[in-house]
Every structure is written in C-alpha cells, then in structure tokens.
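The following report describes the cores, sheets, helix packing and chain contact of one model. Please consult the sequence and structure shown here before reading on.

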Amino acid sequence: MADDGFISLDGVEKVFEVRRRAGLLRRERHEVRAVDGISFRVARGEMVGYIGPNGAGKSTTIKMLTGILTPSGGRLRVAGIDPSRERTRLAQRIGVVFGQRTTLWWDLPLRDSYRLMHRMYRIPDRRYRENLERCVELLDLGKLLEVPVRQLSLGQRMRGDIAAALLHDPEVLYLDEPTIGLDVISKVKVRQFLKELNAERGTTVLLTTHDLTDIEQLCGRVMVIDHGRLMYDGSLAGLHEVGESERMLVVDLESELPPIRLESADGGDQPALRAVKVEGPRQWLAFPAAASAAPLVARIAADYPLVDLSVREPDIEAVIARMYESTP
Amino acid sequence: MAESVAVRADGEEHEPVGFAFEDRPRPLEGVRAYGLIMAMWVRSTMAYRASFAMTLFGNLAVTAFDFVTILLMFTHVDALGGYALPEIALLYGLSSTAFGVCDLLLGSMDRVGGRVRDGTFDTLLVRPVPVLAQVAADRFALRRLGRITQGLLVLGYAIVTLDIAWTPLKMLMLPMTVLSGAAIFGAVFIAGAAFQFVAQDASEVQNSFTYGGTTLLQYPPTIFAKDLVRGVTFVVPLAFASWLPALYVLGREYPVDLPQWVAFLPPLVAAGACALAGLAWRAGLRSYRSTGS
C-alpha cells in the first residue's frame, strides 16, 4: 500500500438510521446518508480546507477520521491505521480541536491542563518542555498560563486549546471551525501559527471552516462536500471558476450617476462588470472572482468621480449553492 | 524562538512517528488515567475551598440524618422485622459503606447521557486512554467521603454493640462484604451508564437501582415482600452486597431458601456482575460509535 496517501478514503459511507414518528405509535425507519461514498487522499504535510454547508457531512467525516464513528462502508486509513478499530492507538498520533468544545479544565490554570496532557500522552519531559515553550511563544500564551481557563476570552481559550492538541507532536491536526467567534487579532494569530506549524513541522492539517479567509491564507487545497458527496477537490481559485463565483466591487461616487458600464478589456461581448444595485451615489458591481480587481478600479477611477471603494469576497455558501445547481 | 531552534539544531531530529506508545495492558492504563483525571478534579474542587468544606459538611449531615431517622424509630419500637438496633446498624453500615466507596469512585457515571447529548463525549474518544476510565473519573468529588465516613461510623457502632461470638471468619466477612458490595454497586453504575447510550435520560432508572438499592439493603429482608427479595437476589444481585453475608454473621435465616455457603459468594457474584457490566459498556460504546447519536 505504498501509494496510499497519508490519509486515504475509498468510497467511505456513513448511514444513520433515523426513526421518525409516523402516527400515534407507528414509527417509520429511514436512512440518512450523512456521508455518501467519499474518496480522497491527503499527502503528509498537506494543509487542506474541508468546507460545505451545515449538515453536509463535514463533522461526520472528521469523526470517522478520528475513530469516533465507525464507517458504514468503504475503506479509511490514517497513517496506515484503521481509526475505528485502533482508536486509542491513533489518538497518540493525532490532535483534534473542536472549535466549540474546549478540552481545557475550566477551574484550573491553563498550565494544569497541559500537565495532564503531558502525563496522559506520556510525552517525554524534554519534548514536552520544548513544545510547550514553542506554543507559548507563538500563540502568545505566556501571561495566560497561570490564569484559570474560565477567565480566558474565547480567542485566548481557542489558542489554549490548539496548544493542548499539539503538545504530543501529532502528525495530523484536525481543526473543526478553529476561528469561529474569534476577533480579528486572534484569527490572525491562529492562522499565522498554523502556517508555521505546517511549514516547520510538516504537520498535516485538515480544517473545516465557514471563513473563506482561513482557506485563502492557509490551504493550498480545498475540498467541498455537500449532501455527503465530494463536490470539488482542488485549489481555491479553481473553486471560484467551477462555481462561477463573482466578487463585488462596492464604489461610492461623488454624486448619483447611472449604473457604471465598462466594456470588456479584450474586446469581447461580455462587459467587464455589471451593476447589481444602485443606491444613491453607491453602486454594487459584480465581476468574475478570478479576474483581478486592480485594472477595473483603475478604469473606474479614470472615468468616474470615485470617492471610496471596497471589494467583497464571494461567500462560500453562495459558491457551493451555485455549484450544486450546475451539477445535476 | 532562537532557543527552540538551537535545541533542534543540536541533532535531535523531529521524528514524525508516535513516540512512547507501546501496547500496555488496558486495565492498568485505565487505572492510571483514572488517577490522573481524579487528581485534576480534586484540584478543581480545591479552587473553591470554602464551597468544598460546606458541601462536605452538608453531605455528612444529610447522610447522618438518614441514620438518625432509624434511631428515632427505635425509640418507639424494640425491633424492626424481628431485628434489633445493632443488627440493623450492621446491615446499614455494610451497605452504606459499600455504596459510599462505589459512589466516591464512580459517582458521576450517570453524566454519560448528558455528555452524549451535548457532544462533549466525543472529546473523550480522541484521548489515548480507555473511555470507561475517563467517564468513571468524571466529576470525581471528594465530598462523597461523607457517606463512607457515616457508613463506617454506623458499622463501628454495630460491631461494638452486637452481642455475637466473633470468629475470625465472621470478622473477615465484613471487609469482604464491603469490597464485593462496592463492586456490585459499581457494576450497576456501569451497566446503567451503558444503557444511557441507548436512552440518554435514563439516569433515573439507574438511580432507582443504586440509591434505591442501598436504602433497601439498610433494612432487614424480612420486612420486604418475598418477590422483591428474590429480585434483588437473582436478578440484580444487590442482596450479595449486604444481606446474605450479614445474615450469616448475625446467624439469621434468609427469607428465600438458600444454602448457607451462598453467604460466601459475594466476591464471585461481584466478579460476574462486573464482567457483565463490562460487556454492556462495550456494547453501549459500540452502538454510540456506529450511530453517533
């Protein structure tokens, strides 16, 4: 099995049986295919974003990869281990951060939670000290180590949780919504840290997120899942092409003007952008996500009295929705 | 930063393969993990010392009152179901101590259902230690020492006041009964927790066997209906946690017709009950991992 990826899934399925009340006493059984035949490979050291709408099967996949859930079908290996059969052995080699559930000890100083990890994972003393030092420095935890976890802010706690998941040098790190609810500065710190972790240690990272910026800044590869199926697997730029997604240029002009029109730069029939909405001097202009905004802005500035502008990224839900419509 | 690079540069390559993991016997790993988690809970408790002192006192007071009601009863009657106060005290002390030990060690296992419901159970499954140990040590509470203290005091009172000829065998029966009893109650706790994978708010069913069971055992079997006594002898073997061995010590007849050697069976019954509970736990965990709740 030398050609197997570090993480490999072949036609993995997860079927839940749900009983629904149908009438007074009768109950109907029906199957919910949360994950419906997913196959992919992730090489060691890759950083992959795993995205999709709520209920698409993201968490179910992560739970199967960590051995929490047993697949109903297909073959799944992480570092050559079948997660559901050797869950405890695998646990020694993976790190998991559940964005919304802390594994830190509420009433105790942060340091105590790390000591527990030290002993529970039997991390050699020297390795533990090095890793802790490193995490403390890069995640800026120095002043927080002696603070009871209940007094930490959400962002501080998330950083604390990420450190806790890394003290035993896991080869794979799963992050479930690592930036959810964090302020901008915490988000930046977390992303920066993950980037360095991946670059220096070669840790394989798989993260689910709703925040497209996470993917943009971290992941060379993105996988989109919807209705339990893999809809897309490739680069983020490619995703925008596939999803025909558009970015939005919001411009404020000096005065109220008719919608801005720009002819296509290469002389085609398609205009370079189209006005979606006009509200007084403010206009919303959509253009293909793959196109560069700079020349458009330059041309608008040359022809119109431009006061202010901003560019809005396409939201991932819309991209996926459109992609889903286009594949029957 | 410079420091950690320096350490790294002196030749110790980062090896990606999981270190320090060897196949260790799971029971030992479980006990070790239990100890680690228990220590964390004790430290957490000690973060609120005053609150701890008050709950410990409260716990002791509540359990103490429980026996006081029996003492009050005996100010009006001389015997209950044909048993005098010191005899009742023996039953009470044995069952209360056994239950107290179990309650201290496994008392919060009924939180499994809650953890399954709020999703925090998953965080236990990604740790490299047995889940049962993690669940058993969950919310370890030192205040539960209160019940053990009370049980031992009542037991001491019984030993001092009982008018029986103590033989070495009869004396040995006491610790054996307490330990086996704790294990039998423990099996009920574990089986109850396993059942919560199927029905997540079944903790009350479990409580009726555990808390209900210990109250039952504090009174002589003669005051209960025979079917109930048969039930706790043959179905849920709580009778082995106090009645059968205690009645041998007291030299009394068991209401259900059984040979006398049955009084020496508690350790075997406890081992059997724990084995069954272990199987139930595994089945419960397996069903969780295939349904995900």
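## Cores, sheets and contacts

In the largest nonpolar core, which has 146 residues, the members that touch the most other members are A:I162, A:L167, A:Y174, B:A98, B:I184, B:F185 and B:I190. A nonpolar core is a set of buried Ala, Val, Leu, Ile, Met, Phe, Trp, Tyr and Cys residues joined through C-beta atoms within 7 Å. A residue is buried if 20 or more other C-beta atoms lie within 10 Å of its own, exposed if 12 or fewer, and partly exposed in between, with C-beta atoms placed from the backbone. Helix α9 (residues 168–195) of chain B gives the most to this core, namely 14 residues; helices (H or I, at least four residues) and strands (E, at least two) are DSSP runs numbered from the N terminus.

The model is predicted: local features need pLDDT of at least 70 and side-chain atom pairs count only at pLDDT 80 or more, whereas totals for chains, interfaces and linings use all residues. Residues are numbered from 1 along each chain as its sequence is written, while chains are lettered from A and ligands numbered from 1 in the order in which they are written.

Beyond its neighbours within four places in sequence, B:I184 is in contact (C-beta atoms, placed from the backbone, within 7 Å) with B:P237, B:L238, B:F240, B:A241, B:V269, B:A270 and B:A273. A second, separate core of 7 residues has A:V251, A:L273, A:L296 and A:I300 among its members.

Chain A contains two open sheets, compared below. Two strands pair if DSSP finds at least two bridges between them. Angles run from 0 to 180 degrees between N-to-C directions, and axes are lines fitted to C-alpha atoms, for helices over the stretch in contact.

| Strand order (chain A) | Pairing | Edge strands | Average turn between neighbouring strands, direction ignored |
|---|---|---|---|
| β5-β6-β7-β3-β8-β9 | mixed | β5 (94–98), β9 (229–234) | 15 degrees |
| β11-β12-β10-β13 | antiparallel | β11 (274–279), β13 (306–312) | 20 degrees |

In the mixed sheet, β3 (residues 47–51) and β8 (residues 221–226) of chain A run parallel and are joined by 4 bridges. A:G49 has A:V222 in β8(A) as its bridge partner. Helix α1 (residues 58–65) of chain A packs on this sheet, touching β3, β6 (172–176), β7 (204–208) and β8 of chain A, and its direction makes about 150 degrees with that of β6(A). In the antiparallel sheet, 7 bridges join β10 (residues 246–253) to β12 (residues 282–288) of chain A, and A:L249 stands opposite A:L285 in β12(A).

In chain B, helices α4 (residues 85–106) and α12 (residues 243–250) pack at an angle of about 145 degrees, with their axes 10 Å apart. On the α4(B) side, B:E87, B:L90, B:L91 and B:L94 meet B:A246, B:V249 and B:L250 of α12(B). By class, this contact has 6 nonpolar, no polar and 1 charged residues; Ala, Val, Leu, Ile, Met, Phe, Trp, Tyr, Cys and Pro count as nonpolar, Asp, Glu, Lys and Arg as charged, and the others, Gly among them, as polar.

The contact between the chains takes 28 residues from chain B and 36 residues from chain A. On the chain B side, the elements giving two or more residues are α1 (2–9), α2, α6 (121–125) and α13 (266–291), and the largest share, 5 residues, comes from α2(B). This side has 14 nonpolar, 10 polar and 4 charged residues. B:V31 lies in helix α2 (residues 26–46) of chain B and counts as partly exposed because it has 14 C-beta neighbours inside 10 Å.

Note on methods:
Contact = placed C-beta atoms within 7 Å.
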